[in-house]
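Work through these exercises with the model open. Try each task before you read its solution.

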Number of protein chains: 2
Amino acid sequence: MMESAGWQEQLSRVGVRLTTSREIVANILHDTQRHLSAEDIFIRAVQVNPSIGLTTVYRALELFTDIGIVQKFDFGDGKARYELASDHHNAEHHHHLICIKCKKIINYDDFVQEELELMKKTEKALSKKHHFKIMHHIIHFYGICEHCR
Amino acid sequence: MMESAGWQEQLSRVGVRLTTSREIVANILHDTQRHLSAEDIFIRAVQVNPSIGLTTVYRALELFTDIGIVQKFDFGDGKARYELASDHHNAEHHHHLICIKCKKIINYDDFVQEELELMKKTEKALSKKHHFKIMHHIIHFYGICEHCR
DNA sequence: ATGAAAATGAAACCCATTTTCATATTTGAA
DNA sequence: TTCAAATATGAAAATGGGTTTCATTTTCAT
Ligand SMILES: [Mn+2]
Ligand SMILES: [Mn+2]
Ligand SMILES: [Zn+2]
Ligand SMILES: [Zn+2]
């Protein structure tokens, strides 16, 4: 598995500064398996640097998303959630299972390998047909979790 | 292809009234291939009944989504978009290609058949493993469209 | 060190969606 | 039919995640 460059190098490549705020946000994302909202991240960031602003967190997340080291999700609970893009994550590429009642999110990667092969193929065909440059994809399953039956 | 019950029957089955507002919203969704926002729908609804309120449109959409005749999407442009669920639509089940620049959405169903087989299989395995009752899924490809290159 | 460019935080703002509440419509029991 | 309870509706106000503004601070190249 080819590991891509770290976020620090990505930032300088894009010509953007490697600030402590950004480092804090990147570390928080690196250290969790969860799907944190901007405010979740802000709360943790304040533990590290009490003077950090929520706005700065939003700005870091937007930047990271734009340059592809973070993936932004909407799971339907009214706030965006973020995780490191798979290339930059410890974890493997994975997809999601979402409870429409309690909004619990489960990562799964058991079947992703087969999915990815098909996605690759589909991606190629779609790119050609619609002249799209495809950057990434999502697969979400929605349903009712054990607990919410 | 097994066609499921119409939305009218669905409503009465759920014990909810078949009002003209709801009919207007259902018809608008039935008559388009597009991915309309609540306000898009409201604007069209006013053409039919100038006294209808935006709130009522939101309420109808929430109801329809809850009972499964409408699927609500977030394509990342800050407002929810709605389409009839595939069982209730003329169109076949399809997936989406989204331009992250101009937010254009393309339906595709060329490759969905193969995707669906795999999804079915995955769905079954995930249901079992995580004790989830899976209701539906989405597959979205994100990229840059021809026009936004 | 020094000035320009980039980044930051607080407050104000935006805007899609939800809530409230008073009014209207529907339903079905009497 | 009639009438009261249950439901649905519209306008206005409230909510809340996210963005913009702007004055200040930090960083970087010279
Ligand atoms: Mn995940
Ligand atoms: Mn569609
Ligand atoms: Zn649940
Ligand atoms: Zn585009």
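**Exercise 1. A cysteine and its surroundings**

Does C148(A) count as buried, partly exposed or exposed, and what is its relative accessibility?

*Solution.* Keep in mind that this model is predicted. Step one: take the value. C148(A) has a relative accessibility of 16%. Step two: apply the cut-off. Buried means under 20%, so C148(A) counts as buried. Step three: repeat this for C102(A). Its relative accessibility is 40%. The partly exposed class lies between 20% and 50%, so C102(A) counts as partly exposed.

**Exercise 2. The zinc site**

Find the protein donors of the zinc ion (ligand 3) and name the geometry of the site.

*Solution.* Step one: list the donors. They are the SG atoms of C99(A), C102(A), C145(A) and C148(A). These atoms lie 2.2 to 2.4 Å from the zinc ion. Step two: check the angles. Among the four donor atoms they run from 103 to 116°. Four donors count as tetrahedral if all angles lie between 85 and 135 degrees, so the site of the zinc ion (ligand 3) is tetrahedral. Step three: look at the sequence. The donor residues are spaced C-x2-C-x42-C-x2-C. Step four: place one pair. C102(A) sits in the loop between β4 (95–99) and β5 of chain A. C148(A) sits in the segment after β6 of chain A. The two are 46 residues apart, and the pair links distant parts of the chain.

**Exercise 3. Aromatic pairs**

Classify the ring pair F73(A) and F75(A), then the pair Y108(A) and F141(A).

*Solution.* Step one: know what to look for. A pair of aromatic rings is described by the distance of the centres and the angle of the planes. The structure holds eight aromatic pairs over all chains. Step two: take F73(A) and F75(A). Their centres are 5.2 Å apart, with 15° between the planes, and the pair is stacked. F73(A) is buried at 5% relative accessible area. F75(A) is buried too, at 4%. Step three: take Y108(A) and F141(A). Their ring centres are 6.1 Å apart and their planes stand at 50°, so this pair is tilted. Step four: locate the partners. Y108(A) lies in strand β5 (residues 105–108) and F141(A) in strand β6 (residues 133–144), both of chain A. The pair therefore ties together parts that are 33 residues apart in sequence. Both Y108(A) and F141(A) are buried. Step five: extend the picture. Ring pairs link Y108(A), F111(A) and F141(A) into a cluster.

**Exercise 4. The surface near DNA strand D**

How many residues surround DNA strand D, and which are the closest?

*Solution.* Step one: count. There are 18 residues around DNA strand D. The closest are Y58(A), A80(A), T19(B), T56(B) and R59(B). Step two: see which part of the strand is met. Sugar and phosphate make up 66% of the strand D atoms that come within 4 Å of the protein. Step three: sort the residues by class. Four are nonpolar, eight are polar and six are charged. Step four: find the helices. α4 (54–66) of chain A, α2 (20–30) of chain B and α4 (54–67) of chain B each supply at least two residues of this surface. Step five: inspect contacts to phosphate oxygens of strand D. A backbone N or O atom of A80(A) lies 2.7 Å from one. A polar side-chain atom of S21(B) lies 3.2 Å from a phosphate oxygen. For R22(B), a polar side-chain atom lies 3.0 Å from a phosphate oxygen.

Key
Residues numbered from 1 in each chain as written. Chains lettered and ligands numbered in written order. Predicted model: local features only at pLDDT ≥ 70, side-chain atom pairs only at ≥ 80, totals over all residues. Heavy atoms only, no water. Phe/Tyr/Trp six-rings, centres within 6.5 Å; stacked < 30°, edge-to-face > 60°. Buried < 20%, exposed > 50% of the residue type's maximum accessible area, 1.4 Å probe, protein only. Helix = DSSP H or I, 4+ residues; strand = E, 2+ residues; numbered from the N terminus. Donors = N, O, S within 2.8 Å, 3.2 Å for Na, K, Ca; no water. Tetrahedral: all angles 85-135°; square planar, octahedral: opposite > 155°, others 65-115°. Near = heavy atom within 4 Å. Polar contact = N/O pair within 3.5 Å; in protein donor to acceptor, adjacent residues only side chain to side chain. Nonpolar A, V, L, I, M, F, W, Y, C, P; charged D, E, K, R; others polar.
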